[in-house]
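Subject: Handover of a structure and notes on it

Dear colleague,

Please find below the structure that I am handing over to you. My notes on it follow directly after.

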Amino acid sequence: MSLPPGFLDELRTRLSIGQVVGRKVMWDTRKSNQGKGDLWAPCPFHQEKSASFHVDDRKGYYYCFGCHAKGDAISFVRETENVSFMEAVQILAGEAGMTMPARDPQAQKKADRRTQLAEVMEMAVQFFRLQLNTAAGAEARDYLAGRGLAGPALDRWEIGMAPQGWQNLWDHLTGKGVTEDLILGCGLAKASQQGKKPYDTFRHRIMFPIRDARGRAIAFGGRAMDPTDNAKYLNSPETELFDKGRNLFNLKPAREAAGKGQPLVVAEGYMDVIALSEAGFGAAVAPLGTAVTENQLQMMWRVSPEPVLMLDGDTAGQRAAMRVIDLALPLLAAGQSVRFAMMPEGQDPDDLLKAAGSGAMREKIEGAMPMVQLLWQREIEGKVFDSPERKAALDKSLREKIMLIKDPSIRSHYGQAIKDLRWDLFGKARGQQGDRPRQNAWTPKGAKLPAQTSTKASALAGGTLLEDHLREAVIVAVLLRNPLILNDFYGNLERMQCTSSDVMLIRDALLAQDAGEDVEARVAEQIGESALENLFAQAHVAITPAVRRPDNGDMARMCLAEEFAKLTARRGHAHEVEDAIEELSSDVADERLTARLAQSLDAMNNAGRQDGDDSAEYDTGDNGARIKKEERSAFDALLDRINYGKDGEAP
C-alpha cells in the first residue's frame, strides 16, 4: 500500500529508536550516555561480547561496527521480527498511537493475491510430503536414505515427492477448490499448448520447498528420479512470489545460526546445504539454480561480513568462483568480503562429509582462501611469464581488476597484497626466496611460517618501523585537530600505508569524512572515543604544535607536508634497497646502482628540510612555524628599529 506524504516522518518523530531497540538488547551502561541518546550494546544481528552496536536516539538510526547492519526503527523491526515493510510500519504505528491510513485498493488487492498464492504453496508442500509416505514414494525414500536422510531429517526439511503422471497435483488442488488462476500463478502447473488441461510442472521428482526470509513457501526445487531426465534439478518458474535472483535456499534458519556465531557457508545445491546443516553447519545457504547475483551477495553480507563460498572442485565450480570475484570487487567494504573453500577434485560438500567427516569440513571452512589469493591464481594459472611484455600484461590485467574496487583503503591493501604475491612469483623465479617482508601473505589456518633469520637484524624490527609509526600517528592527529585542511591532504592520506592497525582504523575513518569542524566528533562516533584518546595520549603526538595549538592553517600544513615528505622518502629508499638486493644477484648490476642508492639516501636525509640548508639552526615562532635563528635575529632587530628611535627613545 502507499502511505500519505509525511506519515513516515511523523511516525519516526513520535518513536524513540532507543526504546524500540531496547526491547531486544541490553545497553552497555559504561559506554552509553543515556542523556545524550548515545547508546551502545552487543549487536542483536551477530554474536559478540563487546558493545559495537551503536544507536543514536536523537538522529533515529543504528549502526553496527562489527557486521555493518544499519537503519532506522522500521528496518530494525523488519530484521528482528522477520516482517515486511508495511507490517513493521503497522507494528510501530500501534506503539506510537497512530492510525494506519486506509489501504490503497490496488495495493490491497495485490497483497491479498500474494497471500492466496502463499496459501496454495503450503497446500502443495503438504501434498508432496504425503506422497513421499505412500507406496509410490518407496523409490524416493530409498534414495534419500542412501543420502543419509530419513525420519526426523525428512520432516525438518519438509522433503516430499511429486509422483509420476501429468495432473496429480492439479487434480488435488482443484478438488480442494483452488482456482486454476492461482495454481498457474504459483508456477505449479503449465498451460497446455495443445488446448488440453494444464499439466503439473513437477513430475517424478524429489521435492524441496524453498522458503523466503519470513518462512513462507515461495517455490520448489525438484530432483529428477529418472537418471535419463535431461534436467537433474528443476526450480519453480519465477512468479509473483518467487524471484530466484533475490532469494537463497535455507536463508531464515541460516541467519539464525549465523547470529549464534556459526560461519555462513554458501554451497551449490540443496543436498549440499542439507548435508552441511545436518553435520552441524547450520548457517548454510545456496543460490537457486543460478550464478550468485548482486542481490544474493548483499543478502549474504547482511547475514555475515565474510561468507565462505564452498564450490565443487570441478571446472564449473572454478568458473563460478571467478564470476563471484568479478561481481564482488566493486562492492567490497571494510570487513566485508568473500572467502573461498574449494572442494577436492570430483567432490562436493556432501562427498567430503561422508568421506572425512565434519572435522575435515571445519578445516576447509576455517582455512578458506581470501579473495585476493584466488584473483591472483586466476590471472597466473596456466601462463608463462618469461618476457617483460608478458609481465606487463599481467600487471595491466591486475591493475584493471584492482581499480574496480571503490573503497580507497581496500584498493590500497589489494595493491600491496598483489605486489607481495608478484615478488614471490618473480623473485623465486630468479632464485631469491629470501626475507622480503610480507604484509598480506595468506597461509591456511594452522600452517607454520618459516623462520626469517634476517628479521631479527632488520632495521624494520627496530627504529625504522617505530619512526614510521610515530609519523603516521602525528599525521592523523594533526588532521583530526585541523579538519578544515583535510581535503588538501586527502590524496596523501589515501596513499599512506600504515604500519599500525590503530592508525589504519583512524586513517580509514578520516577518508570517509568531508572537511568540517565536526570531523573529530564524527570519527569518534564511528570508531569509538577510546581509539582517539589512545592516539592523543601518545607523548610524540601530544607535544606536536599543530595538535596542541590547532589553527587549521599554515602551521598544520607545514607539519603535514614535512611528515608526508619524510615518510615518502624513507619508504622510497627502502624500495630502492630491495631492488638493489634483487639486482646484485643478477648480471645487470653496475655502477649506476650505487649512484641510485646514493641519490635515494640523499633524498631521504633531506626530506622536509627547508631551502636545502643542512646546517641552519631553527627556532619555533609564536604560531608554531619553524624559522632560522639568523633570520629570527634579523627580524627582531628590524622590529627594534621600527619601535624605537636610533637613540633608543620611543618615536
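I begin with helix α13, whose buried residues are G317, A320, A321, M322, V324, I325 and A328. These buried residues pack against α12 (294–303), β13 (308–311), β14 (339–342) and α15 (371–380). Please bear in mind that this is a predicted model. Helix α13 covers residues 315–328, and at 1.5 Å a residue its 14 residues should span 20 Å; the end C-alpha atoms are 20 Å apart, so the expected and modelled spans agree.

Overall picture

The protein has 651 residues, of which 42% are buried. Its secondary structure consists of 28 helices and 17 strands. When contacts between residues at least 6 apart in sequence are considered, 62% of them join residues at least 24 apart. About 33800 Å² of the protein is exposed, and carbon and sulfur atoms account for 50% of that area.

Nonpolar cores

The largest nonpolar core contains 61 residues, and the members that touch the most others are I159, L188, F220, F249 and L276. Helix α5 (residues 105–132) is the element that gives the most to this core, contributing 9 residues. As for L276, once its neighbours within four places in sequence are set aside, this residue is in contact with V265, A267, F281, A284, M310, P349, L353 and M361. There is also a second, separate core of 47 residues, which includes L251, L311, M322 and F340. Of these, M322 has already appeared above among the buried residues of α13.

Strands β1, β2 and β3

Strand β2 (residues 53–56) pairs with strand β1 (residues 38–41) in the antiparallel sense, over 4 bridges. Within this pairing, V55 of β2 is the bridge partner of L39. Strand β2 also pairs with strand β3 (residues 61–64), again in the antiparallel sense and over 4 bridges; here F53 stands opposite C64. The strands β2 and β3 form a hairpin with 4 residues between them, and G60 in the turn has a positive phi of about 80°.

In a regular strand, side chains alternate between the two faces of the sheet. In β2, F53 and V55 point one way while H54 and D56 point the other way, and all of them are buried.

Salt bridges

Side chains of opposite charge can pair when their charged atoms come close. The count for this model comes to 30 salt bridges. One of them joins the side chains of R339 and E306, at 3.9 Å from N to O. Because R339 lies in strand β14 and E306 in the loop between α12 and β13, this pair ties together parts that are 33 residues apart in sequence. E306 has a relative accessibility of 35%, so it counts as partly exposed.

Another salt bridge links E379 and R378, with the closest N and O atoms 3.4 Å apart. Buried means under 20% relative accessible area. E379, at 7% relative accessibility, therefore counts as buried, and R378 is buried as well, with a relative accessible area of 18%.

A further pair is D518 and R522, whose closest N and O atoms are 2.8 Å apart. D518 is partly exposed, with a relative accessible area of 40%, and R522 also counts as partly exposed, at 26% relative accessibility. Finally, D326, R378, E379 and K401 are joined into one network by salt bridges that share partners.

With kind regards

Notes. Residues numbered from 1 in each chain as written. Predicted model: local features only at pLDDT ≥ 70, side-chain atom pairs only at ≥ 80, totals over all residues. Heavy atoms only, no water. Helix = DSSP H or I, 4+ residues; strand = E, 2+ residues; numbered from the N terminus. Expected span 1.5 Å × (residues − 1). Buried < 20%, exposed > 50% of the residue type's maximum accessible area, 1.4 Å probe, protein only. Contact = heavy atoms within 4.5 Å. Areas by Shrake-Rupley, 256 points an atom, 1.4 Å probe, with all protein chains shown as cover. Core = buried A, V, L, I, M, F, W, Y, C linked by side-chain atoms within 4.5 Å. Pairing = 2+ DSSP bridges. Salt bridge = Lys/Arg side-chain N within 4 Å of Asp/Glu carboxyl O.
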